[in-house]
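Please open the model in your viewer, switch to a cartoon view, and keep the selection panel at hand for the stops that follow.

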Amino acid sequence: LGQTVAAARGFSPATSRRRFRVGTGDALEQALVVEIFIAVAKLAPAVALDSVPCGPEEIPELIVAGEIDIGLGVPVPHGDRVCHRVVAREPVLLAMRRDHPLARGPLTIERWLAAEHLVVTGQTRGATIEDLALQKLGIERRVARRCQTYQVAGQFIAQSNLVAVVPAYYAELFGQSGSLVTREFAIATPDLEVALYWATTADGDPGGVWLRDLILEQIERLNVRRARRATKQH
């Protein structure tokens with residue numbers, strides 16, 4: 001009923017006082033949600049926007065329960081009450097402190113395997129995307145540390161000999177710190193996909209459609225800025 005009434009009223013960003021809740025994890029919040037906050041503040045100054053911490057596997061359930069309006073995370077299985085669209089495909093990079101031995105010279109698989117590894121994951125167990133790639137090659141690495149957030153990972157590898165595999169959107173934040181550098185990964189791994197989630201019933205909600213379009217626009221702008229920086233570096 002509420003969605004039907006909202007659709008009938010329409011949505012005016014300039015005057016709306018609506019509150020939206022976006023569910024996402026640590027890495028995407030730091031890499032993307034800030035840009036969304038800024039864009040919403042410019043276009044819809046009275047609209048409230050909450051970033052709700054959650055893992056990708058929680059997003060469909062939270063959307064169905066009405067606890068979040070939109071989710072951002074890697075694609076996960078879900079029922080027909082939730083829609084998703086892949087909005088970004090990110091390569092993974094290797095991050096390390098600026099004076100790390102792997103920051104110089106050829107980055108071979110042998111040198112990478114010989115390093116100490118830190119894994120960022122919300123899983124208590126199981127293989128990561130780089131481990132799956134290694135399994136296909138019949139090799140295995142030794143993981144010395146596991147942590148839950150890229151923020152903690154960045155702080156730790158800046159003060160140690162450990163290296164960490166990170167998605168490109170977060171690698172940019174690492175680079176801004178000045179103490180960390182990233183390099184292309186030593187083995188071929190699939191890109192990390194980022195999906196946008198929403199309730200099937202929200203397809204007719206003008207406010208929800210507006211916010212989803214805004215998020216897509218911000219992702220495109222980030223991609224354009226990144227491509228320009230990469231061109232300048234080369």
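Select Leu94 and look across to strand β8, where its bridge partner is Val165. The two residues belong to a pairing of β5 (residues 92–97) with β8 (residues 162–167), which runs in the antiparallel sense over four bridges; strands count as paired if DSSP finds at least two bridges between them, and the elements themselves are DSSP runs numbered from the N terminus, with helices (H or I) of at least four residues and strands (E) of at least two.

This is a predicted model, in which local features need pLDDT of at least 70 and side-chain atom pairs count only at pLDDT 80 or more, while totals for chains, interfaces and linings use all residues. Residues are numbered from 1 along each chain as its sequence is written, and side-chain values use heavy atoms, with hydrogens and water left out.

Now widen the selection to the open sheet of five strands, whose order is β7-β6-β8-β5-β9 with mixed pairing. At its edges are β7 (143–147) and β9 (180–184), each of which pairs on one side only. The twist from one strand to the next averages 30°. Add helix α6 (residues 150–157), which packs on this sheet and touches β5, β6 (116–120), β7, β8 and β9, its direction making about 150° with that of β8; contact here means heavy atoms within 4.5 Å, and angles run from 0 to 180 degrees between N-to-C directions of axes fitted to C-alpha atoms, for helices over the stretch in contact.

Move next to another open sheet of five strands, with the order β2-β1-β3-β10-β4 and mixed pairing. Its edges are β2 (48–53) and β4 (82–90), and because each has a single partner strand, one side of each is left without a neighbour in the sheet. Select β4 together with β10 (residues 192–199) to see an antiparallel pairing over eight bridges, in which Ala88 stands opposite Val194.

Then select helix α2 (residues 26–43), which lies across β1 (19–24), β2, β3 (70–73) and β10 and runs at about 175° to β2. Which residues of α2 are buried? They are Ala27, Leu28, Ala31, Leu32, Val33, Ile36, Ala39 and Val40, where buried means under 20% relative accessible area, exposed over 50% and partly exposed in between (1.4 Å probe, protein chains only).

Finally, colour by pLDDT, the predictor's confidence in each residue from 0 to 100. The protein chain averages 86, and 89% of the residues score at least 70. Among its elements, helix α1 (residues 2–9) has the lowest mean, 55, and helix α3 (residues 59–64) the highest, 96.
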